[in-house]
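Student: I'd like a close look at one part of this protein, taken slowly and residue by residue. Could you walk me through it and then show me how it sits in the rest of the model?

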Amino acid sequence: MATTLYRNGTIYSAADPFATALLIDSDTVAWLGGEEAAERYVEKADEVIDLAGALITPAFVESHTHLAALGRNLGGADLGAASSGSQLLELLSARAKGAESVIIAQGWDETSWVDSSLPSETDLSSAAGGRPYYLARRDVHSALVNRELLDRLGLGSIASGVVRGAEHDQVRQALLAEGPGVEEFQRVALEHYAARGFATVVEMAAPHLEGREALDQLLAADQADHPQVYAYWGELVQEETAAEQLIRSFPQGRVLGLGGDLCVDGSIGSRTARLREDYADDAGNRGLAYLSIEEITAHLVACSSKGIQAAFHVIGDAALDLLLEGFDAAAEQVGVAKLQAARHRLEHAEMVDEATRARLLSYSITVSMQPGFDALWGGPEGMYEQRLGERAATMNNLSAMLSSGVPLVLGSDAPVTEVNGWAVVHAAMSMSNESGRISARAGFMGQTRSTYRAMGEMNPFAGQLLIGAPATFAIWSASELAIQTPDERISSWSTDARAGTPMLPVVDQEIPTCLRTVRAGVLLFDQLDQLNEPTA
């Protein structure tokens, strides 16, 4: 039951915005305050650590991730560096030098290429050395596959080339029987999160992704010295008994709800998000709807009747219309109160107008969004504008979501965007739609305190640093701290702490480096010795 005193730094705490020291007693925050008061605890502490000006904040929470896919990318399966079809072939050729019988990789995005033409199947198969390949687009809602893969999987009726929609799901599910175990990929991904200041992650699992066995392995392998893992399971249910039995088949409290990647539609990049109007670059195409109103309604009724949270992947405006029609129909069967009590949740929800936000609020729906999507694909000539034209200008309005009262959490959808909580904060402050920007504090809370609330965490202190809170925090090397707002009409940041608002790192030019991550008093990652290294 050791005690550790951290001093001579900055503590991010609303309870004491001027705190420079923090005392940890085993797994709990025992005290925080200024340097003069810290002297009283020096002799009582088992260890005293000089922060040398470093910053301590609550550790980040990842609200939406895919651990095995992230681990694969970290292990060399990332195709995101390709800036042309020829570079995609080069990366594939390098990947083919491994020993795997089926090449699995992801991350290509032709909308960022000068020439968006994809390589032919002949060229791709040659680069793959004749091996079967599955090359997912960055959004993982379409993929390049060759005839060798489809024949191997017994899917000869599917045309090779780019697969989307239901055919893409068939390929993914068939690959589950082919692919090796994913435990090592999951472990690598969790270590990656710990090294970036995350103590908790929420995995989005589903039958059409890594499958049930992979999720069971992940939950069974959860250890105190890794980030805490929670999950959503994206399986459709039609009866309340089935919903109850399914949720009880997982360790209690570890699977938060049924859904997450339960897809109402696809993605904008793959032109499978369901839209009210045609894609700007593909006349006549309005995307795909994967669920019917009847299926959505039955899932909501089954989950709400048992107090189980349902969650849906939804991106396009027409898909959101469809989903909310399902909510209306479910309300007629079980009542609005039961829908509200279950705290249902949406993933992404990128195209939301004012009227739709009001409907989300009326059902107490939580929304999980990814500001990094806008950093990748927003702005003039970005992918959103290519696909949607003028409609892109109003997408991903974080500010409107918060101001309307809709509960909002932020994440990365890794490996679609990088694992970096401060990059998410920066993206949230710098949205292409200026009216959609939020403050650094709001961006930070959307990955800490707000995320715990959305998960149903009962400890009111979770995601905060104050006396009695869990000792779950990260230490950062940050050269400049400020109170930051996204409003360009006024000073965008201030280093004056007299207002009593805790300050966060200025992230527009430099991203802080994680030096230590701790969960409930247990060390997950440590490079604190860098504090004492001489600087050049």
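Student: Which residues does Trp-476 touch, not counting residues up to four places away in sequence?

Tutor: Happy to. Keep in mind throughout that this is a predicted model.

Leaving out residues up to four places away in sequence, Trp-476 touches Ala-54, Leu-55, Thr-57, Phe-60, Arg-196, Gly-197, Trp-422, Pro-512, Thr-513, Cys-514 and Leu-515. Trp-476 itself belongs to strand E19, which covers residues 473–477. Its relative accessible area is 2%, so Trp-476 counts as buried. Burial does not leave its side chain without a polar partner: the side chains of Trp-476 and Thr-57 make a polar contact at 3.0 Å. Thr-57 is also among the residues that Trp-476 touches. For a sense of how the chain folds back here, take Thr-10: it is 466 residues from Trp-476 along the chain, yet the two C-alpha atoms are separated by 9.8 Å.

Now look at the aromatic company. Trp-476 belongs to a cluster, linked by ring pairs, that also holds Tyr-12, Phe-60, Tyr-193, Phe-198, Trp-422 and Phe-444. Phe-60 and Trp-422 appear in the contact list of Trp-476 as well. Across the model, 14 aromatic pairs are counted. Take the pair of Tyr-12 and Phe-444: their ring centres are 5.1 Å apart and their planes meet at 70 degrees, so this pair is edge-to-face. It joins distant parts of the chain, since Tyr-12 lies in the loop between strands E2 (10–11) and E3 (21–25), whereas Phe-444 lies in helix H18 (residues 440–445), 432 residues apart. Tyr-12 has 7% relative accessibility and therefore counts as buried. Phe-444 is buried too, with a relative accessible area of 1%.

Phe-444 has another partner in the cluster, Phe-60. That aromatic pair is also described as edge-to-face, with 5.5 Å from centre to centre and 70 degrees between the planes. Here again distant parts of the chain are linked: Phe-60 is in strand E7 (residues 60–65) and Phe-444 in helix H18, 384 residues apart. Both of these phenylalanines are buried.

Next, follow Trp-422, the other tryptophan in the cluster. Trp-422 is one of the buried residues of helix H17, together with Gly-421, Ala-423, Val-424, Val-425, Ala-427, Ala-428 and Met-429. The helix runs over residues 421–429 and is mostly covered, with eight of its nine residues buried. Trp-422 also plays a part at the start of this helix: Asn-420 caps the N-terminal end of H17, with a side-chain oxygen 3.1 Å from the backbone nitrogen of Trp-422. So on your screen, you can go from Trp-476 to its contact Trp-422, and from Trp-422 to the cap at Asn-420.

Two other spots are useful to set beside this one. Asn-146 lies in the loop between strand E10 (142–145) and helix H5 (147–152), and it is buried with a relative accessible area of 0%. Like Trp-476, it has polar partners for its side chain: a polar atom there lies 3.1 Å from the backbone oxygen of Arg-131, and the Asn-146 side chain makes a polar contact with the side chain of Glu-148, also given as 3.1 Å. Leu-360, in helix H13 (residues 354–362), is likewise buried at 0% relative accessible area. Beyond its neighbours within four places in sequence, Leu-360 is in contact with Leu-320, Leu-324, Leu-346, Val-352, Ile-365, Val-367, Met-401 and Val-406. And if you would like a ring with a charge, the charged end of Arg-212 sits over the ring of Phe-250, 3.8 Å from its centre.

Finally, step back to the whole protein. It has 19 helices and 24 strands, and buried residues make up 55% of its 536 residues. Among contacts with a separation of 6 or more, 72% are between residues 24 or more positions apart; the ring pair of Tyr-12 and Phe-444 spans 432 residues. The radius of gyration is 24 Å, which agrees with the value near 24 Å for a compact globule of 536 residues. The C-alpha trace spans about 75 × 55 × 50 Å along its principal axes. About 21500 Å² is exposed, and carbon and sulfur atoms supply 47% of it.

Conventions. Residues are numbered from 1 along each chain as its sequence is written. This is a predicted model: local features need pLDDT of at least 70, side-chain atom pairs count only at pLDDT 80 or more; totals for chains, interfaces and linings use all residues. Side-chain values use heavy atoms; hydrogens and water are left out. Buried means under 20% relative accessible area, exposed over 50%, partly exposed in between (1.4 Å probe, protein chains only). Helices (H or I, at least four residues) and strands (E, at least two) are DSSP runs, numbered from the N terminus. A polar contact is a pair of N or O atoms within 3.5 Å; within protein, one must be able to donate a hydrogen and the other to accept it, and residues adjacent in sequence count only if both atoms are side-chain atoms. Rings of Phe, Tyr and Trp (its six-membered ring) pair if their centres lie within 6.5 Å; planes under 30 degrees apart count as stacked, over 60 as edge-to-face and the rest as tilted. A charge sits over a ring if NZ of Lys or CZ of Arg is within 6 Å of the ring centre and within 35 degrees of the ring normal. Contact means heavy atoms within 4.5 Å. The radius of gyration is taken over C-alpha atoms; the globule rule is 2.2 Å times the number of residues to the power 0.38. Accessible areas come from the Shrake-Rupley method with a 1.4 Å probe; for residues, only the protein chains shown count as cover.
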